[in-house]
Each structure stands twice: as structure tokens, then as C-alpha cells.
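Biologist: I should be grateful for a close look at one part of this protein model, written so that a first-year student can follow it. Please concentrate on the aromatic rings, and then place them in their surroundings.

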Amino acid sequence: MVKLNQKSYIAGSWIIPSSEVFQSKSPVTGKALATYNSCGLAELEAAASAAQTAFAEYRVCSHIQISEFLNTIAEEIESLGDQLLETADAESGLGIPRMTGERARTCGQLRAFADIVAQGQWVQASIDTAIPDRKPVPKPDLRRMMRPLGPVAVFGASNFPFAYGSVGGDTASALAAGNPVIVKGHPSHPATNELFCHALDAAITRCNMPRGVFSMLQGATHELGGELVKHPVVQAVGFTGSLGGGRAFMDIAASRPTPIPVFAEMGSVNPIFVATDAMSTRGEAIGTTLAASVAMGTGQFCTSPGVVVTTGNADFNTAVAKGLSETPRGLLLNDNIGNALVRAVKEITARSDVKWLNQVELSDSDTSTPPNIVLKTSAQDFLVDKTLQEEIFGPVTMIVECDNEQQMLQVADSFEGNLTATVHATDKDKTQANALLERLEQFAGRVIYNGFPTGVEVCPSQQHGGPYPASSAASTTSVGADAMLRFARFVAYQGLPDAYLPSALKNDNPLNLLRKVNGELTQSKILPVYTGV
Ligand code: NAP
């Protein structure tokens, strides 16, 4: 059992800054839990300078060393045992079964990155050999591969204390690609953040890694996050959270003297379209399952279905309303989420163009245990007001009723970027489904057929991201093997003698990689070309 010290972890040292104090709070009882101090500029400077020093050493670690490091982190997280699950449950109210599953996902993704790094293929080695006697000019020897960016700032979200937490997907993928990481800990779960640092500390010692490869700054101020993103040592940002937070970091990063990339995964309404025959043959069943998907985890998933587009069906509406009203209320994670939810529901239900189908009185306690809500509007109103597309984070969905299939396509055309988009259809809906699918892939990262968006499989073919505002970089994913690519960039080496080249690009192919050599994928060695030098 680890004895919690209520500190931040900076390059191997445990620190209590002499600045503002904040407390985590139990979402169940509302009582204060642990007390921590927010880091300030001095602690940020220490973490940044250590990360810069560590980068010189960490970036040249072998793929085997980095792979072992990631596997060791997973082992050390597991060896925290029930203490980690109980601490995260106390701070989030998400429950032990959910935390157990999330720990498996978190360790699983660390091990998956460890395997990818060990295989070495991710660097995408490509070699074009020289043609010294090419006319009219000789062709140089050019070799290209992925290299790490430098220290990465990571911000996690409150709704995934493990999978998107201090050692979640962003930290794992940044470390895997060879970058030190500085985490700004989420203020909702500081003791959980601290426990992860104990695991990292043990893994760093066991693997003899540079101490500055990982730091975690506890903090409950926007200023700390802003200063971290502004810091000249930081070369990229991994963010999971609200659109407001992600957008703030995108703007700060873009206005630095040297702008840096921000990979922000933000909110989404994940629209579901129910085609005509699917609605008439199994509308009620879709409505019941939709209600379960909306209420799952008190709606606190970035993939929660916040909008469902139909051509109108009373049985469907009743099934959704009944399903949501009969599902016991769940807990919200923190006051910020609760206050934002109640404010948004009050605002939207005050509008004449939105109807609350399973209306109940809102009370003060609804900021902690809100009702499961279904709203309804017309496609006509939805099409003229983009604010109806905004995420209400929590167990809330809105049915958008269209006059006909043509109008449903217009609604599909109106969506901004989303993480997912879904079609429910039967074989008889083929023409309509085709027309919808063609549109859906233009605004969503993942297109789903006859399923529901909640539940994100972690595997190489997963795409978790989407056009803005779902994420800041639509061509990247934050889940799956390719998440590493966000924190690396291609470097081409022209005319370098073999001795200077990274192992992945050497003639002898010592890592036994499948490389693109003169346009062909091959594992073979390369015969050095005499360039006359
Ligand atoms: P959040 O309030 O945005 O917080 C995330 C982190 O950003 C915290 O460390 C927060 O710390 C910081 N932050 C937020 N706004 C900031 C600002 N303006 N300036 C500086 N720092 C700022 O998000 P959350 O409530 O924890 O998470 C829920 C949201 O995450 C939902 O919208 C959900 O859809 C989204 N989410 C998205 C994904 C995805 O993969 N797309 C996954 C999970 C969750 P401070 O408050 O201390 O500043």
C-alpha cells in the first residue's frame, strides 16, 4: 500500500509548492477528500528543464529499452492493486467495476505501444538509394523515418481518470514515440494522479530512465495549464476534455512565438440517423437501446449519442422517454460538469422550439444526480440554429424530427465535426442508407452501422478523432497504434554515411524492419552505393 504524500512529482522529486490549496471532493457525499497545492511557475520551470535534459538521453534509447519501460509502467500500475481502484472510485464515483475495466484498458494500451515500439515498424523507414551517374544531375541517397518531437504537455479528462488520465493514451503514446511528458494533473482526481506517479517513479528506477522523462504538476488553475502550453521547451500538447479547454490551448499554442501542434480530443454529439424502414420495423427496440446508451455512465462519454435524427415516430419517442425515465439516475463527476449541465438544460428547455419529452422539475441536487433527459426539436429549427448542435455533457439526447428523407439528408449535411456518426437501417433502406453514409464520413471520424457509439474498441483499426470541433487535428487518432504518430515527425537524412544513420535506416537493416527501399517494401539489406566520396 502506497502512503499518499499529497505532492506533485517533478523529475523524480516529490514537491509541495507553497501556493494555492485545492481539494478533491467525493461526488457521492460531496465531502472533501485529499488536499493538494497547485503548482506555479517555479515548479513548471523545474519540470520543463528536467524534460529538456531527459530528452537528449531518452530520444536515443533503443526501441527495446522504451518497450521495456512501457511494459514496466503497466506492471507497476497493476501492482498498485485495489488502492488505485478505490482511490479513483472515491474521487470519481465511477465504481470499482468501471475502474477495473479502465485499468485493464490503460495497461493494455501501454503494452500495445510497447509491442509496436519493439517491432520498430512504426518509424516508417523509407530509403531511396543514390544514383551517382544519373543525368542531368546525380540522385542523392535519401532516407526518412519518424523521430520524436520533444517534451509533450498532457492534459487528461475527468471522465476517464485512467484511460485519459496522467498515464492514459496521450502519455503512453508520447513516451512510446520517444518524448518526455509533463502532465498537468486533473484537479478532480489528484490522489489518483499521485498514485500513477508512484508507478512511474518505480518504472523509471527499474528501467534506469532519465528522471525528467515524466513529471506531473498538480493544479486547479487555468493559468498553470496556459503557462505549460506557452513554455518554450514544450513541443506538442495532448489534450482530452471540453471544447472550451481544447480551444483555449489551440489558441495559446498558435500564438506562441514558435507555434506547436495541439492534439485536442474534445466533445461531440455523435448523431444517430434512423432510416425509414428501420424505424417502422424496429423503432421501439432502437429507442430502448438508445436510452441505455444515453444513460450509460450518466452520459459522461465523449461518444454519448447527443442527437438522434428521425422522420418522426411516436412509438420510438415513447420508448426513448420511457427508457430514460425508468433508468435510475447516475452520478455526475464534479461540480463543473453538474453546473454546466443544469445551466444548459435550463437554457435549451426555455426555448419555444425545443420540447422536453420526459419533463421533470429541476432541483438543486440535479447538479449531482441529474434526470436522464430526452428533448425534441424539428429539423427546420435544427437547421437554422447551430447552437442546437452543441454537446450537453451528461445523460441528455435530442430527437430531431424531419419531414421526409430529403430533409434528413439536409440535416446530415449540416453537422460540424464529430467523433462518430451512426445509421440504423434495413436492406430496404439501401438507397437512403447509402446517401446518409456518403455524408456521414465527411464529418465523423468513425461511421457506425446498426450499432451505438458508446464503447471505443482499442485496436489498430480504431479511429478516435474527427474534424473540428471533435478534435483539433482530424487526420490523427488518439486511440490505437497510430496515436504515437502525433508525437513524432519525419526527418530525412541525405547522403549520411552508414555510421551516422539511425539503426532503422542502416544498410544492414539491423532491426530487421520491413522498409520501403526504392519504392518496394522489403526486409533485405542494401548494398552501399559508391558515391565517389
Ligand atoms: P475540462 O474541464 O476541459 O478539463 C480538462 C483539463 O483541461 C483539466 O486539466 C482542466 O484543468 C484543463 N482546462 C480546461 N479548460 C481550461 C482552460 N480554459 N485553460 C486552461 N486549462 C483548462 O474537461 P473535463 O470536464 O475534465 O472532461 C469532460 C469533457 O471531455 C467532455 O466535453 C467530453 O466530451 C470530453 N472528452 C472527450 C474525449 C475524446 O476523446 N474526445 C474523451 C473524454 C472526454 P483546470 O480546470 O484546472 O484548468
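Modeller: The account below begins with the aromatic rings and then turns to the sheet, the loops and the backbone around them. Please keep in mind that the model is a predicted one.

A pair of aromatic rings is described by two quantities, the distance of the centres and the angle of the planes. The structure holds 14 aromatic pairs. One of them is formed by Tyr9 and Phe214, whose ring centres are 6.3 Å apart. The planes of these two rings make an angle of 35 degrees, and the pair is classed as tilted. Tyr9 belongs to strand β1 (residues 8-10) and Phe214 to strand β9 (residues 214-217). These two residues are 205 residues apart, and the pair thus links distant parts of the chain. Are the two partners buried or exposed? Tyr9 has a relative accessibility of 0% and therefore counts as buried, since the limit for that word is under 20%. Phe214 is likewise buried, with a relative accessible area of 0%.

A second pair is formed by Tyr58 and Phe69, and this one is edge-to-face. The ring centres lie 6.1 Å apart, with 80 degrees between the planes. Tyr58 lies in helix α1 (residues 41-58) and Phe69 in helix α2 (residues 63-78), so the pair ties together parts that are 11 residues apart in sequence. Both Tyr58 and Phe69 are buried.

Rings can also be joined into groups. Phe273, Phe382, Phe415 and Phe443 are linked by ring pairs into a cluster. In addition, two aromatic rings have a charged group placed over them. The charged end of Arg98 sits over the ring of Phe160, at 4.7 Å from the ring centre. The charged end of Arg144 sits over the ring of Phe490, and here the distance to the centre is 3.4 Å.

The wider setting comes next. The UniProt record, an unreviewed entry, places a feature named "domain: Aldehyde dehydrogenase" at residues 14-466. Over these residues the chain is 42% helix and 17% strand. The C-alpha atoms at the two ends of this stretch are 38 Å apart.

One open sheet in the structure is formed by 7 strands, in the order β14-β15-β16-β13-β12-β17-β18, and its pairing is mixed. Its edge strands are β14 (355-356) and β18 (444-449), each of which pairs on one side only. Within the sheet, strand β13 (residues 307-310) and strand β16 (residues 396-401) run in the parallel sense and pair over 4 bridges. Val308 has Ile399 of β16 as its bridge partner.

Two helices pack on this sheet. Helix α9 (residues 276-295) touches β12 (272-274), β13, β16 and β17 (418-424). The direction of helix α9 makes about 150 degrees with that of β12. Helix α14 (residues 430-440) touches β12, β17 and β18, and its direction makes about 175 degrees with that of β17.

Some details of the backbone also deserve attention. Most peptide bonds are trans, and most residues other than glycine have a negative phi. A cis peptide bond joins Lys135 and Pro136, with omega at about 5 degrees. Pro136 is found in the loop between β5 (126-128) and β6 (142-148). The peptide bond from Tyr468 to Pro469 is cis as well, with omega near 10 degrees. Pro469 lies in the loop between β18 and β19 (488-494).

Positive phi values are found at Ala11 and at Asn509. For Ala11, phi is near 45 degrees, and the residue is placed in the loop between β1 and β2 (13-15). Ala11 is buried, with a relative accessible area of 17%. For Asn509, phi is near 50 degrees, and the residue is found in the loop between β19 and β20 (515-517). Asn509 is also buried, with a relative accessible area of 4%.

Finally, Gly93 lies in the loop between α3 (81-92) and α4 (96-119). Gly93 is partly exposed, with a relative accessible area of 22%. Gly93 and Val28 are 65 residues apart in sequence, while their C-alpha atoms are 6.2 Å apart in space. Leaving aside neighbours within four places in sequence, Gly93 is in contact with Pro27, Val28, Ala88 and Leu331.

Definitions and conventions. Residues numbered from 1 in each chain as written. Predicted model: local features only at pLDDT ≥ 70, side-chain atom pairs only at ≥ 80, totals over all residues. Heavy atoms only, no water. Phe/Tyr/Trp six-rings, centres within 6.5 Å; stacked < 30°, edge-to-face > 60°. Buried < 20%, exposed > 50% of the residue type's maximum accessible area, 1.4 Å probe, protein only. Lys NZ or Arg CZ within 6 Å of the ring centre and 35° of its normal. UniProt positions renumbered as here; feature names shortened; annotations may be inferred. Pairing = 2+ DSSP bridges. Contact = heavy atoms within 4.5 Å. Axes fitted to C-alpha atoms, helices over the stretch in contact; angles between N-to-C directions.
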